[in-house]
Amino acid sequence: MIGSLGSLMGATTTTTEAARPLVDSFGRVHRDLRISVTDRCNFRCTYCMPVEGMTWLPREEVLTFEEVERIARLLVERHGVNSIRLTGGEPTVRAHLPVLVGKLAALPVDLSLTTNGATLAAVAPDLAAAGLRRVNVSLDSLRPERFEELTRRDELSNVLAGIEAAVAAGLSPVKVNVVVLREVNDDEIVDLARYGRDRGVTIRFIEFMPLDGGGAWRPDQVVTQAEILGRIEAAFPLEPLARGHAPAERFRYLDGAGEVGVIPSVTRPFCDQCDRIRLTADGQLRSCLFSLDDHDLRTVVRSGGSDDDLSDAIEACVGSKWAGHAINQVQFVRPRRSMSQIGG
Ligand code: SAM
Ligand code: SF4
(Lines give C-alpha, C1' and ligand atoms only; values in the text may rest on other atoms or scores of the structure.)
(Ligands and ions follow the chains in the order given, each with its own letter.)
Protein backbone atom coordinates (compact mmCIF):
# COMPACT_ATOMS: atom_id res chain seq x y z
CA MET A 1 0.00 0.00 0.00
CA ILE A 2 1.24 3.47 -0.84
CA GLY A 3 -1.32 4.90 1.50
CA SER A 4 -4.91 5.85 2.05
CA LEU A 5 -6.50 9.13 1.07
CA GLY A 6 -9.41 8.43 3.37
CA SER A 7 -8.41 10.66 6.22
CA LEU A 8 -7.27 13.45 3.88
CA MET A 9 -10.23 13.52 1.53
CA GLY A 10 -13.04 12.12 3.62
CA ALA A 11 -13.18 9.40 0.97
CA THR A 12 -12.56 5.68 0.88
CA THR A 13 -10.02 5.68 -1.95
CA THR A 14 -6.95 3.54 -1.50
CA THR A 15 -4.08 2.97 -3.88
CA THR A 16 -1.99 -0.12 -4.40
CA GLU A 17 1.70 -0.32 -5.25
CA ALA A 18 2.14 0.82 -8.85
CA ALA A 19 3.87 -1.51 -11.29
CA ARG A 20 5.59 1.46 -12.92
CA PRO A 21 5.43 4.47 -10.57
CA LEU A 22 6.04 7.82 -12.21
CA VAL A 23 9.26 8.93 -10.54
CA ASP A 24 11.13 11.81 -12.16
CA SER A 25 14.85 12.50 -12.10
CA PHE A 26 14.44 14.52 -8.88
CA GLY A 27 12.71 11.66 -7.06
CA ARG A 28 9.22 13.16 -7.17
CA VAL A 29 6.47 10.53 -7.46
CA HIS A 30 3.55 11.63 -9.65
CA ARG A 31 0.08 10.61 -8.52
CA ASP A 32 -2.04 13.62 -9.42
CA LEU A 33 -3.53 13.92 -12.92
CA ARG A 34 -5.28 17.00 -14.32
CA ILE A 35 -7.44 16.26 -17.33
CA SER A 36 -8.63 19.11 -19.51
CA VAL A 37 -11.84 18.09 -21.25
CA THR A 38 -12.13 21.17 -23.46
CA ASP A 39 -10.23 24.35 -24.28
CA ARG A 40 -13.52 26.24 -24.73
CA CYS A 41 -15.19 28.44 -22.15
CA ASN A 42 -18.39 30.37 -21.57
CA PHE A 43 -16.44 33.13 -19.73
CA ARG A 44 -13.64 35.39 -20.93
CA CYS A 45 -11.78 36.18 -17.69
CA THR A 46 -9.45 39.10 -18.35
CA TYR A 47 -6.50 37.30 -16.74
CA CYS A 48 -7.04 34.14 -18.76
CA MET A 49 -8.44 34.83 -22.24
CA PRO A 50 -8.75 37.74 -24.66
CA VAL A 51 -12.30 38.79 -25.64
CA GLU A 52 -11.76 37.55 -29.16
CA GLY A 53 -9.06 35.82 -31.12
CA MET A 54 -8.84 32.49 -29.27
CA THR A 55 -8.31 29.61 -31.68
CA TRP A 56 -10.31 26.59 -30.55
CA LEU A 57 -9.19 23.03 -31.07
CA PRO A 58 -10.97 21.33 -33.98
CA ARG A 59 -13.43 18.80 -32.59
CA GLU A 60 -11.61 15.83 -34.13
CA GLU A 61 -8.44 16.73 -32.23
CA VAL A 62 -10.19 16.55 -28.84
CA LEU A 63 -9.95 13.19 -27.08
CA THR A 64 -13.14 11.17 -26.89
CA PHE A 65 -14.35 10.00 -23.48
CA GLU A 66 -13.17 6.48 -24.35
CA GLU A 67 -9.68 7.77 -25.16
CA VAL A 68 -9.55 9.76 -21.93
CA GLU A 69 -10.71 6.73 -19.98
CA ARG A 70 -8.08 4.49 -21.55
CA ILE A 71 -5.23 6.87 -20.69
CA ALA A 72 -6.58 7.55 -17.19
CA ARG A 73 -7.06 3.85 -16.46
CA LEU A 74 -3.48 3.07 -17.46
CA LEU A 75 -2.17 5.94 -15.35
CA VAL A 76 -4.14 4.68 -12.35
CA GLU A 77 -3.72 0.94 -12.68
CA ARG A 78 -0.11 0.77 -13.87
CA HIS A 79 1.43 4.08 -12.85
CA GLY A 80 -0.14 4.75 -9.44
CA VAL A 81 -2.16 7.89 -10.11
CA ASN A 82 -4.70 8.24 -7.28
CA SER A 83 -6.15 11.69 -7.86
CA ILE A 84 -7.87 13.06 -10.97
CA ARG A 85 -9.19 16.58 -11.45
CA LEU A 86 -11.26 17.52 -14.48
CA THR A 87 -10.69 21.01 -15.77
CA GLY A 88 -10.49 23.09 -18.93
CA GLY A 89 -11.29 25.67 -20.41
CA GLU A 90 -14.62 25.27 -18.72
CA PRO A 91 -15.28 21.56 -18.21
CA THR A 92 -19.05 21.95 -17.85
CA VAL A 93 -19.37 23.15 -21.46
CA ARG A 94 -18.28 19.69 -22.64
CA ALA A 95 -21.46 17.83 -23.60
CA HIS A 96 -22.39 14.83 -21.46
CA LEU A 97 -19.69 15.51 -18.84
CA PRO A 98 -21.43 13.26 -16.27
CA VAL A 99 -20.81 10.31 -18.62
CA LEU A 100 -17.06 10.87 -18.38
CA VAL A 101 -17.34 11.41 -14.63
CA GLY A 102 -19.08 8.03 -14.38
CA LYS A 103 -16.29 6.30 -16.30
CA LEU A 104 -13.54 7.85 -14.17
CA ALA A 105 -15.43 7.37 -10.90
CA ALA A 106 -15.16 3.64 -11.49
CA LEU A 107 -11.40 3.97 -10.95
CA PRO A 108 -9.94 4.06 -7.41
CA VAL A 109 -9.23 7.79 -7.44
CA ASP A 110 -10.16 10.97 -5.64
CA LEU A 111 -12.19 12.59 -8.45
CA SER A 112 -12.72 16.35 -8.51
CA LEU A 113 -13.60 19.20 -10.86
CA THR A 114 -12.61 22.84 -11.29
CA THR A 115 -15.33 25.05 -12.75
CA ASN A 116 -16.34 28.67 -13.13
CA GLY A 117 -19.65 27.62 -11.56
CA ALA A 118 -21.96 29.37 -14.04
CA THR A 119 -24.00 26.22 -14.77
CA LEU A 120 -23.18 24.31 -11.60
CA ALA A 121 -26.65 24.80 -10.11
CA ALA A 122 -28.03 22.76 -12.99
CA VAL A 123 -25.32 20.10 -13.26
CA ALA A 124 -24.11 19.53 -9.68
CA PRO A 125 -26.72 16.84 -8.87
CA ASP A 126 -25.89 14.85 -12.05
CA LEU A 127 -22.15 15.17 -11.44
CA ALA A 128 -22.51 14.04 -7.83
CA ALA A 129 -24.74 11.13 -8.87
CA ALA A 130 -22.14 10.10 -11.47
CA GLY A 131 -19.47 9.86 -8.76
CA LEU A 132 -17.81 13.27 -8.57
CA ARG A 133 -16.53 13.81 -5.02
CA ARG A 134 -15.61 17.44 -4.74
CA VAL A 135 -15.42 20.69 -6.64
CA ASN A 136 -13.42 23.91 -6.83
CA VAL A 137 -15.34 26.95 -8.05
CA SER A 138 -13.65 30.12 -9.29
CA LEU A 139 -15.00 33.37 -7.88
CA ASP A 140 -12.88 36.51 -8.06
CA SER A 141 -15.35 39.13 -6.87
CA LEU A 142 -18.56 39.41 -4.88
CA ARG A 143 -19.49 42.69 -6.56
CA PRO A 144 -21.71 42.19 -9.62
CA GLU A 145 -20.19 44.96 -11.74
CA ARG A 146 -16.63 43.96 -10.97
CA PHE A 147 -17.45 40.29 -11.52
CA GLU A 148 -18.77 41.21 -14.95
CA GLU A 149 -15.68 43.28 -15.75
CA LEU A 150 -13.40 40.41 -14.73
CA THR A 151 -15.24 37.57 -16.44
CA ARG A 152 -16.94 39.62 -19.17
CA ARG A 153 -20.16 37.85 -18.18
CA ASP A 154 -23.06 38.91 -15.93
CA GLU A 155 -23.13 35.62 -14.03
CA LEU A 156 -22.31 36.35 -10.39
CA SER A 157 -25.71 35.25 -9.06
CA ASN A 158 -25.50 32.00 -11.03
CA VAL A 159 -22.03 31.25 -9.68
CA LEU A 160 -23.14 31.91 -6.10
CA ALA A 161 -26.15 29.65 -6.69
CA GLY A 162 -23.79 27.04 -8.16
CA ILE A 163 -21.68 27.05 -4.99
CA GLU A 164 -24.80 26.51 -2.87
CA ALA A 165 -25.97 23.74 -5.22
CA ALA A 166 -22.60 21.99 -4.99
CA VAL A 167 -22.82 21.99 -1.19
CA ALA A 168 -26.42 20.77 -1.34
CA ALA A 169 -25.47 17.97 -3.76
CA GLY A 170 -22.99 16.65 -1.20
CA LEU A 171 -19.84 17.58 -3.11
CA SER A 172 -17.36 17.99 -0.30
CA PRO A 173 -15.28 19.93 0.34
CA VAL A 174 -16.36 22.83 -1.88
CA LYS A 175 -13.41 25.17 -2.38
CA VAL A 176 -13.47 28.60 -3.97
CA ASN A 177 -10.51 29.80 -6.05
CA VAL A 178 -9.75 33.53 -6.15
CA VAL A 179 -7.06 34.90 -8.46
CA VAL A 180 -5.85 38.11 -6.83
CA LEU A 181 -4.91 40.98 -9.13
CA ARG A 182 -3.40 44.21 -7.86
CA GLU A 183 -5.76 47.18 -8.03
CA VAL A 184 -8.42 44.97 -9.57
CA ASN A 185 -9.83 42.84 -6.74
CA ASP A 186 -7.22 42.93 -3.96
CA ASP A 187 -9.50 45.20 -1.93
CA GLU A 188 -11.94 42.26 -1.64
CA ILE A 189 -9.56 39.81 0.05
CA VAL A 190 -11.18 40.22 3.46
CA ASP A 191 -14.73 40.22 2.01
CA LEU A 192 -14.03 36.97 0.17
CA ALA A 193 -12.44 35.42 3.25
CA ARG A 194 -15.55 36.41 5.23
CA TYR A 195 -17.79 34.90 2.56
CA GLY A 196 -15.91 31.61 2.89
CA ARG A 197 -16.19 31.64 6.67
CA ASP A 198 -19.92 32.42 6.52
CA ARG A 199 -20.74 29.84 3.83
CA GLY A 200 -18.50 27.08 5.20
CA VAL A 201 -16.36 26.88 2.05
CA THR A 202 -12.57 27.08 1.90
CA ILE A 203 -11.26 30.07 -0.03
CA ARG A 204 -7.95 29.65 -1.83
CA PHE A 205 -6.28 32.83 -2.99
CA ILE A 206 -4.06 32.31 -6.04
CA GLU A 207 -1.12 34.46 -7.09
CA PHE A 208 -1.53 35.66 -10.69
CA MET A 209 0.70 33.62 -13.04
CA PRO A 210 2.09 34.48 -16.49
CA LEU A 211 -0.31 32.15 -18.28
CA ASP A 212 -2.88 34.69 -19.46
CA GLY A 213 -3.98 34.30 -23.07
CA GLY A 214 -3.49 38.00 -23.77
CA GLY A 215 0.12 38.06 -22.59
CA ALA A 216 -0.55 41.03 -20.30
CA TRP A 217 0.99 39.60 -17.11
CA ARG A 218 3.37 41.88 -15.23
CA PRO A 219 5.17 41.08 -11.97
CA ASP A 220 3.76 44.18 -10.29
CA GLN A 221 0.21 42.80 -10.76
CA VAL A 222 1.01 39.85 -8.50
CA VAL A 223 -0.34 40.27 -4.98
CA THR A 224 2.00 38.14 -2.93
CA GLN A 225 1.08 35.53 -0.36
CA ALA A 226 2.60 37.74 2.32
CA GLU A 227 0.30 40.61 1.38
CA ILE A 228 -2.76 38.38 1.12
CA LEU A 229 -2.14 36.81 4.52
CA GLY A 230 -1.39 40.18 6.09
CA ARG A 231 -4.80 41.49 5.07
CA ILE A 232 -6.72 38.41 6.21
CA GLU A 233 -4.84 38.17 9.47
CA ALA A 234 -5.65 41.80 10.33
CA ALA A 235 -9.34 40.83 10.30
CA PHE A 236 -9.26 37.16 11.26
CA PRO A 237 -6.18 35.79 13.11
CA LEU A 238 -4.69 32.65 11.57
CA GLU A 239 -2.27 29.86 12.30
CA PRO A 240 -0.51 27.70 9.69
CA LEU A 241 -1.48 24.09 8.97
CA ALA A 242 0.64 21.38 7.35
CA ARG A 243 0.91 21.90 3.57
CA GLY A 244 0.95 18.28 2.43
CA HIS A 245 1.04 17.61 -1.32
CA ALA A 246 -1.32 20.40 -2.33
CA PRO A 247 0.10 23.59 -3.84
CA ALA A 248 -1.95 25.61 -1.35
CA GLU A 249 -0.42 26.72 1.91
CA ARG A 250 -3.18 26.23 4.46
CA PHE A 251 -4.15 28.31 7.47
CA ARG A 252 -6.72 27.81 10.21
CA TYR A 253 -8.85 30.64 11.60
CA LEU A 254 -8.03 30.84 15.30
CA ASP A 255 -11.72 31.35 16.14
CA GLY A 256 -12.53 27.94 14.64
CA ALA A 257 -14.35 29.25 11.54
CA GLY A 258 -12.62 26.85 9.15
CA GLU A 259 -9.54 27.40 7.00
CA VAL A 260 -8.18 29.42 4.14
CA GLY A 261 -5.42 28.70 1.63
CA VAL A 262 -3.00 30.62 -0.55
CA ILE A 263 -1.39 29.22 -3.69
CA PRO A 264 1.84 31.19 -3.92
CA SER A 265 2.80 29.87 -7.37
CA VAL A 266 4.98 32.88 -8.09
CA THR A 267 6.62 33.83 -4.78
CA ARG A 268 6.82 30.42 -3.05
CA PRO A 269 6.29 27.76 -5.72
CA PHE A 270 5.80 24.20 -4.55
CA CYS A 271 7.80 22.73 -7.45
CA ASP A 272 9.99 20.59 -5.19
CA GLN A 273 6.83 18.79 -3.96
CA CYS A 274 4.96 18.77 -7.28
CA ASP A 275 3.32 15.44 -8.08
CA ARG A 276 1.18 16.59 -11.02
CA ILE A 277 0.94 15.76 -14.66
CA ARG A 278 -1.55 17.28 -17.08
CA LEU A 279 -3.41 15.84 -20.02
CA THR A 280 -4.65 18.51 -22.43
CA ALA A 281 -7.98 18.23 -24.24
CA ASP A 282 -6.10 17.26 -27.42
CA GLY A 283 -4.24 14.44 -25.71
CA GLN A 284 -0.89 16.02 -24.96
CA LEU A 285 0.77 15.11 -21.67
CA ARG A 286 2.64 17.88 -19.86
CA SER A 287 4.81 17.54 -16.77
CA CYS A 288 4.41 21.20 -15.74
CA LEU A 289 2.04 24.12 -16.40
CA PHE A 290 5.08 25.96 -17.69
CA SER A 291 6.53 23.13 -19.81
CA LEU A 292 7.65 24.12 -23.26
CA ASP A 293 7.11 20.58 -24.59
CA ASP A 294 4.03 18.43 -25.10
CA HIS A 295 4.18 14.61 -25.18
CA ASP A 296 1.71 13.37 -27.75
CA LEU A 297 -0.42 10.55 -26.30
CA ARG A 298 -3.25 11.07 -28.81
CA THR A 299 -1.12 9.91 -31.72
CA VAL A 300 -0.05 6.84 -29.76
CA VAL A 301 -3.68 6.01 -28.99
CA ARG A 302 -5.00 6.72 -32.49
CA SER A 303 -2.21 4.89 -34.30
CA GLY A 304 -3.04 1.65 -32.50
CA GLY A 305 -0.30 1.92 -29.87
CA SER A 306 -0.22 -0.67 -27.10
CA ASP A 307 -0.38 0.09 -23.39
CA ASP A 308 3.39 -0.36 -23.31
CA ASP A 309 3.76 2.28 -26.03
CA LEU A 310 1.57 4.63 -24.02
CA SER A 311 3.53 3.94 -20.84
CA ASP A 312 6.78 4.68 -22.65
CA ALA A 313 5.43 8.06 -23.80
CA ILE A 314 4.12 8.84 -20.30
CA GLU A 315 7.45 7.95 -18.69
CA ALA A 316 9.36 10.03 -21.24
CA CYS A 317 7.21 13.00 -20.25
CA VAL A 318 7.74 12.53 -16.51
CA GLY A 319 11.44 11.81 -17.05
CA SER A 320 11.87 15.15 -18.77
CA LYS A 321 10.30 17.15 -15.94
CA TRP A 322 12.46 20.01 -14.79
CA ALA A 323 13.20 20.94 -11.19
CA GLY A 324 10.86 23.92 -11.26
CA HIS A 325 9.57 26.86 -13.22
CA ALA A 326 11.65 29.99 -13.56
CA ILE A 327 8.99 32.72 -13.40
CA ASN A 328 11.20 34.94 -11.29
CA GLN A 329 14.33 34.48 -13.39
CA VAL A 330 15.53 36.23 -16.53
CA GLN A 331 15.63 33.00 -18.51
CA PHE A 332 11.87 32.41 -18.03
CA VAL A 333 10.10 31.58 -21.30
CA ARG A 334 6.29 31.69 -21.38
CA PRO A 335 4.71 28.48 -22.62
CA ARG A 336 3.07 28.62 -26.03
CA ARG A 337 -0.30 27.68 -24.60
CA SER A 338 -2.27 29.68 -22.03
CA MET A 339 -3.82 28.29 -18.83
CA SER A 340 -7.18 27.58 -20.47
CA GLN A 341 -5.48 25.67 -23.29
CA ILE A 342 -3.41 23.55 -20.91
CA GLY A 343 -5.96 22.98 -18.16
CA GLY A 344 -5.58 24.93 -14.94
N1 SAM B 1 -12.84 27.36 -16.17
C2 SAM B 1 -12.58 26.77 -14.92
C3 SAM B 1 -12.40 27.79 -13.84
O4 SAM B 1 -12.25 28.98 -14.15
O5 SAM B 1 -12.42 27.40 -12.68
C6 SAM B 1 -11.41 25.78 -14.94
C7 SAM B 1 -10.21 26.19 -15.72
S8 SAM B 1 -9.34 27.62 -15.10
C9 SAM B 1 -8.02 27.74 -16.26
C10 SAM B 1 -8.61 26.93 -13.62
C11 SAM B 1 -8.15 27.94 -12.60
O12 SAM B 1 -7.07 28.67 -13.14
C13 SAM B 1 -9.20 28.96 -12.21
O14 SAM B 1 -9.30 29.00 -10.79
C15 SAM B 1 -8.65 30.26 -12.73
O16 SAM B 1 -9.04 31.34 -11.94
C17 SAM B 1 -7.16 30.00 -12.70
N18 SAM B 1 -6.37 30.84 -13.59
C19 SAM B 1 -6.59 31.10 -14.89
N20 SAM B 1 -5.63 31.90 -15.39
C21 SAM B 1 -4.78 32.15 -14.36
C22 SAM B 1 -3.57 32.92 -14.23
N23 SAM B 1 -3.04 33.57 -15.26
N24 SAM B 1 -2.96 32.93 -13.02
C25 SAM B 1 -3.48 32.25 -11.97
N26 SAM B 1 -4.59 31.51 -12.03
C27 SAM B 1 -5.24 31.47 -13.21
FE1 SF4 C 1 -12.79 30.39 -18.60
FE2 SF4 C 1 -11.77 29.51 -16.30
FE3 SF4 C 1 -10.26 30.93 -18.04
FE4 SF4 C 1 -12.20 32.15 -16.75
S5 SF4 C 1 -10.38 31.19 -15.81
S6 SF4 C 1 -11.79 32.32 -18.96
S7 SF4 C 1 -13.72 30.60 -16.57
S8 SF4 C 1 -11.09 28.91 -18.37
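This note sets out the main features of a predicted model, from the overall fold to the surroundings of one ligand.

1. Overall content. The protein chain holds 11 helices and 14 strands. Of its 344 residues, 53% count as buried. Among contacts with a separation of 6 or more, 71% join residues 24 or more positions apart.

2. The sheet. An open sheet is built from 12 strands, and its pairing is mixed. The order is β9-β10-β11-β8-β7-β6-β5-β4-β3-β12-β13-β14. The edges are taken by β9 (238–240) and β14 (295–296); each has a single partner strand, so one side of each lacks a neighbour in the sheet. As a general matter, the strands of a sheet pair through backbone hydrogen bonds, in either a parallel or an antiparallel sense.

3. Strand β6 and its partners. In the strand order, β6 stands between β7 and β5. With β7 (residues 174–180), strand β6 (residues 134–138) pairs in the parallel sense over four bridges; here V137 stands opposite V176 of β7. The pairing of β5 with β6 is likewise parallel and also rests on four bridges, and S112 has R134 of β6 as its bridge partner. Strand β6 is mostly covered, with four of its five residues buried.

4. Helix α4. Which residues of helix α4 (residues 120–130) are buried? They are L120, A124, L127 and A130. These residues lie on the same side of α4, because the arc they cover around the axis is only 135 degrees. The exposed residues A122 and A129 are carried on the face turned away from that buried side.

5. Packing and end of α4. The buried residues of α4 pack against two helices and two strands: α3 (97–105), α6 (156–168), β5 (110–115) and β6. Helix α4 thus has contacts with the β6 strand described in point 3. Just after α4, G131 adopts a positive phi of about 120 degrees.

6. Helix α8. Helix α8 (residues 225–235) lies across β7, β8 (202–207), β9, β10 (249–253) and β11 (259–263). Relative to β11, helix α8 runs at about 160 degrees. One of the strands that α8 crosses, β9, is an edge strand of the sheet.

7. Surroundings of ligand 2. Which residues are found around ligand 2? The shell consists of C41, F43, C45, C48, G89, N116 and S340. By character, four of the shell residues are nonpolar and three are polar, while no charged residue is present.

Conventions. Residues numbered from 1 in each chain as written. Chains lettered and ligands numbered in written order. Predicted model: local features only at pLDDT ≥ 70, side-chain atom pairs only at ≥ 80, totals over all residues. Heavy atoms only, no water. Near = heavy atom within 4 Å. Nonpolar A, V, L, I, M, F, W, Y, C, P; charged D, E, K, R; others polar. Pairing = 2+ DSSP bridges. Contact = heavy atoms within 4.5 Å. Axes fitted to C-alpha atoms, helices over the stretch in contact; angles between N-to-C directions. Buried < 20%, exposed > 50% of the residue type's maximum accessible area, 1.4 Å probe, protein only. Arc of directions from axis to C-beta.
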